[in-house]
Amino acid sequence: MLQGSLFQFDSEIQWEDLGNGIKRQLYGHDQNVMLVKVKFEADAVGQLHEHHHTQVTYVESGVFEMTIGDQKKTIKKGDGYYVPPHEIHGCICLEPGMLIDIFSPHRADFLPVTSNKSIS
């Protein structure tokens, strides 16, 4: 069974540099759900993309121009959004910030290749 640690501590989780002013940390997960923190510098672009996962996101800080399908909204700290499976979405970071993403099922493509076992 694929499973992350029961507890995750910010100071112990490495940031993965995705380039172009975006970094992420992987938090708790199993086959059904995954929590991910994504840090954006100003003007960083989360390219338009789609995936089969359901996604809900909370804006922990910053200001973003978010596109979901044919809708575009400015979102800020305290806001959130829902992305259905296979919906095109992406964002532009207007003020540095952090998004907290939850995916269901988990994003296997975010895991290291060796993560097919339990992590303690």
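Biologist: In this predicted model, which residue of strand 7 does Gln 55 stand opposite?

Modeller: Gln 55 lies in strand 5. Strand 5 covers residues 54–68 and is joined to strand 7. Across from Gln 55, in strand 7, stands Val 83.

Biologist: How many bridges join strand 5 to strand 7, and which way do the strands run?

Modeller: Strand 7 spans residues 80–83. Strand 5 and strand 7 run antiparallel, and the number of bridges joining them is four.

Biologist: Is Gln 55 buried or exposed?

Modeller: Buried means under 20% relative accessible area. Gln 55 has a relative accessible area of 3%, so the residue is buried.

Biologist: Which side chain makes a polar contact with that of Gln 55?

Modeller: Gln 55 sits in strand 5. The polar contact of its side chain is 3.0 Å, and the partner is Thr 57.

Biologist: Leaving aside neighbours within four places in sequence, which residues is Gln 55 in contact with?

Modeller: Three of them belong to the run Tyr 81, Tyr 82 and Val 83. Strand 7, residues 80–83, holds Tyr 82. The others are His 89, Asp 101, Ile 102 and Phe 103.

Biologist: Along strand 7, which side chains point to the buried face?

Modeller: The side chains alternate along strand 7. Gly 80 and Tyr 82 point to one face and are not buried. Pointing to the other face, and buried, are Tyr 81 and Val 83.

Biologist: Is Tyr 82 exposed or partly exposed?

Modeller: Exposed means over 50% relative accessible area, and buried means under 20%. Tyr 82 has 46%, so this residue is partly exposed.

Biologist: Which residues make a nonpolar surface patch with Tyr 82?

Modeller: Tyr 82 points to the face of strand 7 whose side chains are not buried. The patch has an area of about 320 Å². With Tyr 82, its makers are Val 33, Val 56 and Ile 102.

Biologist: Which residue forms a salt bridge with Asp 10, and where do the two lie?

Modeller: Asp 10 is in the segment before strand 1 (16–19). Its partner is in strand 3 (residues 34–40), 27 residues apart, so the pair links distant parts of the chain. The closest N and O atoms are 3.0 Å apart, and the partner is Lys 37.

Biologist: Is Lys 37 buried or exposed?

Modeller: Asp 10, at 42% relative accessibility, counts as partly exposed. Buried needs under 20%. Lys 37 has a relative accessible area of 16%, so this residue is buried.

Biologist: What is the closest N and O separation in the salt bridge of Glu 16 with Arg 24?

Modeller: Glu 16 is partly exposed, with a relative accessible area of 35%. Arg 24 is buried, at 11%. The closest N and O atoms of the pair are separated by 3.1 Å.

Biologist: Which residue meets Asp 109 in a salt bridge?

Modeller: Asp 109 is exposed, with a relative accessible area of 52%. The partner's side chain comes to 2.6 Å, N to O. That partner is buried, with a relative accessible area of 9%. The residue is Arg 107.

Biologist: Which peptide bond next to Pro 105 is cis?

Modeller: Pro 105 lies in the segment after strand 8 (89–104). Omega is about -10 degrees for the cis bond, which joins Ser 104 and Pro 105.

Biologist: What is phi of Asp 43?

Modeller: Asp 43 is in the loop between strand 3 and strand 4 (45–49). At 63% relative accessibility, this residue counts as exposed. Phi is positive, in a residue other than glycine, and is near 75 degrees.

Biologist: What is phi of His 86?

Modeller: His 86 is in the loop between strand 7 and strand 8. This residue is exposed, with a relative accessible area of 53%. Here too the residue is other than glycine and phi is positive, near 65 degrees.

Biologist: How far apart are the C-alpha atoms of Phe 40 and Gly 97?

Modeller: Phe 40 is in strand 3 and is buried, with a relative accessible area of 7%. Among the residues Phe 40 touches are Cys 91, Cys 93, Pro 96 and Gly 97. Phe 40 and Gly 97 are 57 residues apart along the chain, and their C-alpha atoms are separated by 5.4 Å.

Definitions and conventions. Residues numbered from 1 in each chain as written. Predicted model: local features only at pLDDT ≥ 70, side-chain atom pairs only at ≥ 80, totals over all residues. Heavy atoms only, no water. Patch = residues over 30% accessible without salt bridge, like charges linked within 9 Å, V, L, I, M, F, W, Y side chains within 5 Å. Areas by Shrake-Rupley, 256 points an atom, 1.4 Å probe, with all protein chains shown as cover. Salt bridge = Lys/Arg side-chain N within 4 Å of Asp/Glu carboxyl O. Buried < 20%, exposed > 50% of the residue type's maximum accessible area, 1.4 Å probe, protein only. Pairing = 2+ DSSP bridges. Polar contact = N/O pair within 3.5 Å; in protein donor to acceptor, adjacent residues only side chain to side chain. Contact = heavy atoms within 4.5 Å.
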